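Student: I'm new to this one, so keep it simple. Please take a close look at the lining of the second largest pocket with me.

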Amino acid sequence: MVQIELAGQALLLLPERAAYLPAERALLVADAHLGKAQSFRSLGVPVPAGTTSATLEALDAAIARTGAERVIFVGDLIHSSRSRTPGTAQAVARWRARHPGLQLTLVRGNHDRHAGDPPPDWGIDCIDGPLRLGALAIAHEPQPLDGAYVIAGHLHPAAVLSGPAHDRLRLPCFHFGPAVGVLPAFGAFTGCATVERRPGDRIWVVLDDTVRPLHSDA
């Protein structure tokens, strides 16, 4: 776990690929894509099972690590309308029953607009972004906003590390530019895209159970 500062506020970067705002007691989770594997299987694509359960277990771990009282989903909570299966609904309902007092907010993303809002019994407040939290703004798509630093998702960022033997390793990362920061995809079954590092950008990669800074000469 690494602490940085954004717009005068502390932000903790977690190895679960989420971030925590201590001032708000809020966990920020981008791109969970619940039910994505079920959606692929409904189209006849053979993909692993159990990814929704793995995502919810990681969410449990992040809540336990931080003591969060609120979870803000930074868009793309449900992957698609085909993801809305009884199995996905039951898994989330069991998870919700373990956290009845947890406040949940979804800042809608592009997948949410197609999949529809979560079922009412999940107890999630759904809004269109941005969600203003002091000098920060939470939005799914990483677009600058006047008067705020934006924390977003959508891009599933990753960074490439190169070794002396010409080996390369691509890892999910937190990518913070001058006006917009992008969180890694949280879901257990999500792809990632290599980010372009510009002057002044700060990048932290997630490796096993650690968060490590990526230096400019990496």
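Tutor: Sorted by class, that lining has five nonpolar, three polar and four charged residues. Here Ala, Val, Leu, Ile, Met, Phe, Trp, Tyr, Cys and Pro count as nonpolar, Asp, Glu, Lys and Arg as charged, and the others, Gly among them, as polar. Keep in mind that this is a predicted model, where local features need pLDDT (the predictor's confidence in each residue, from 0 to 100) of at least 70, side-chain atom pairs count only at pLDDT 80 or more, and totals for chains, interfaces and linings use all residues. Residues are numbered from 1 along each chain as its sequence is written, and side-chain values use heavy atoms, leaving out hydrogens and water.

So who's there? Arg108, Arg113, Asp128 and Glu141 are part of the lining, and so are Gly129, His140 and Gln143. Pro130, Ala139, Pro144, Leu145 and Val150 line this pocket too. A pocket, on a 1 Å grid over the protein atoms alone, is an open set of points where a 1.4 Å probe fits, with protein on both sides within 12 Å along at least five of seven lines; lining residues have an atom within 4 Å of a point. The space inside is about 170 Å³, a volume filled by probe spheres set on the points, which are joined across faces, edges and corners.

Now for the largest pocket: about 220 Å³ of space lies there. Pro144 turns up in both linings, and the largest pocket's residues include Pro142, His175 and Arg198 as well. By class, that lining has seven nonpolar, two polar and three charged residues.
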